[in-house]
Amino acid sequence: MKLGEGQSGFENSKDIFLPENVSGQIAAAFNSPDKKAVYLAKKALLEKYPREAQAVETVFGIIPTLKNSENLKTMDAKKEGWEKVKQTLKNVTEYNFLLTDLVHDNIENREFLEGLWKTLSTLARGVNHEKQFDQLKRGILSQVAAWRVLEENGSNPKLSHPSEDAFDSIDLWTEKGEAVQVKGAPVHGVALIETDTVAFPGVTFWGGSSKYHLNAHLFSEAQRFKAKISRYGELHNENTKGLFLVVPYEDIDFTTGEPNRRAVDEVKKSLPS
């Protein structure tokens with residue numbers, strides 16, 4: 001049962017996501033010298049709201065995830081071992097999977113999502129990771145928007161496995177088996193690029209009624225994704241088609257992740273038949 005449908009602990013107890021309520025309890029648990037404090041605080045919430053396990057896991061997971069994301073910037077595989085780096089990256093992508101799925105499942109429940117984002121933001125601010133949190137939020141909502149855009153166009157996408165996200169840069173799979181990487185960006189038009197086309201990654205794209213160029217960063221990301229998809233196909237002995245999807249931030253609702261009509265229509269024009 002999705003939040004907002006039928007009986008829901010969070011739906012019926014709207015004060016649960018007040019920053020001074022849940023976030024205060026969680027922050028106190030993480031700051032406690034008692035090593036069992038986090039476990040006990042989470043256990044108490046799960047017992048009180050047994051139907052909302054995914055939401056509880058999400059709010060308790062934000063602090064470790066932000067710290068792991070920050071640590072990844074300076075981790076050295078030679079000094080700390082590749083297994084430790086790999087596990088840290090896996091932990092981050094597993095959390096992203098959890099949060100993306102939660103937002104997508106509740107995309108029509110704005111009140112719930114407003115409370116969720118406020119709680120996560122408060123927790124991030126408490127550990128001085130506001131910038132890291134803003135980056136995470138943009139990435140999650142861009143992915144939700146892309147998921148919805150593809151749904152609206154009949155591609156029946158699903159989230160990739162967290163390991164595919166972490167090591168192959170695959171965010172979504174379409175029903176046809178196309179691997180999709182999603183990038184939200186401050187551009188003025190959607191770009192949908194097939195990695196196996198002759199023109200890849202292409203130079204010019206239509207955004208509404210005007211053309212625009214991929215900037216150097218997106219161009220580099222697109223090239224990197226093409227290489228990863230080629231390697232993925234070789235490892236799995238299959239011809240995997242990749243789609244590199246750029247969704248403009250201005251086309252995304254930054255509470256729910258819902259894309260606007262323009263984004264849906266532009267992708268419809270570009271989707272491979």
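**Asking why: burial, salt bridges, sheet and spaces**

Student: In this predicted model, why is Asp 168 called buried?

Tutor: Asp 168 has a relative accessible area of 11%. Buried means under 20%, so Asp 168 belongs in that class.

Student: What makes the contact between Arg 231 and Asp 168 a salt bridge?

Tutor: The side chains of Arg 231 and Asp 168 come to 3.7 Å, N to O. The cut-off is within 4 Å, so the pair qualifies. This pair links distant parts of the chain, with Arg 231 in helix 10 (residues 216-235), Asp 168 in helix 9 (residues 162-168), and their positions 63 residues apart.

Student: And why is Arg 231 called partly exposed?

Tutor: Its relative accessible area is 40%. Partly exposed lies between the 20% and 50% limits, so that is the class for Arg 231.

Student: How many salt bridges does the structure hold?

Tutor: There are 17. One of them joins the side chains of Arg 148 and Glu 258, at 3.1 Å from N to O. Here too distant parts of the chain are linked: Arg 148 sits in helix 8 (residues 130-152) and Glu 258 in the loop between strand 7 (242-248) and helix 11 (261-270), 110 residues apart.

Student: Are Arg 148 and Glu 258 buried or partly exposed?

Tutor: Set each against the 20% limit. Arg 148, at 16% relative accessibility, counts as buried, whereas Glu 258, at 25%, is partly exposed.

Student: How do you know that Glu 152 and Arg 261 form a salt bridge?

Tutor: The closest N and O atoms of Glu 152 and Arg 261 are 3.9 Å apart, which is within the 4 Å cut-off. Glu 152 in helix 8 and Arg 261 in helix 11 are 109 residues apart, another link between distant parts of the chain. Glu 152 is partly exposed, at 42% relative accessibility.

Student: Which residues are linked in a network of salt bridges?

Tutor: Glu 250, Asp 251, Arg 262 and Glu 266.

Student: Let's turn to the sheet. What is the order of its strands?

Tutor: Five strands form an open sheet in the order 1-2-3-7-4, with mixed pairing. Strand 1 (158-159) and strand 4 (191-194) each have a single partner strand, so they stand at the edges, and one side of each lacks a neighbour in the sheet.

Student: How do you know that strand 2 and strand 3 pair?

Tutor: Strand 2 (residues 172-173) and strand 3 (residues 179-185) share two bridges in the antiparallel sense. At least two bridges are needed, so the two strands count as paired. Within strand 3, Val 180 stands opposite Leu 172.

Student: What lines the largest cavity?

Tutor: The lining residues are Phe 97, Gln 143, Leu 159, Ser 160, His 161, Pro 162, Asp 165 and Asp 171. They divide into three nonpolar, three polar and two charged. The space in this cavity is about 40 Å³, and the count is one cavity of 30 Å³ or more.

Student: And how much space lies in the largest pocket?

Tutor: About 1,100 Å³. Its lining has 35 residues, and those closest to the centre are Asn 96, Gln 135, Gly 139, Val 182 and Lys 183. Helix 8 gives the largest share, eight residues. By class, the lining holds 13 nonpolar, 14 polar and eight charged residues.

Note on methods:
Residues numbered from 1 in each chain as written. Predicted model: local features only at pLDDT ≥ 70, side-chain atom pairs only at ≥ 80, totals over all residues. Heavy atoms only, no water. Helix = DSSP H or I, 4+ residues; strand = E, 2+ residues; numbered from the N terminus. 1 Å grid on protein atoms, 1.4 Å probe; cavity = no way out; pocket = protein on both sides within 12 Å on 5 of 7 lines; lining within 4 Å. Points joined across faces, edges and corners; volume = space filled by probe spheres on them. Nonpolar A, V, L, I, M, F, W, Y, C, P; charged D, E, K, R; others polar. Buried < 20%, exposed > 50% of the residue type's maximum accessible area, 1.4 Å probe, protein only.
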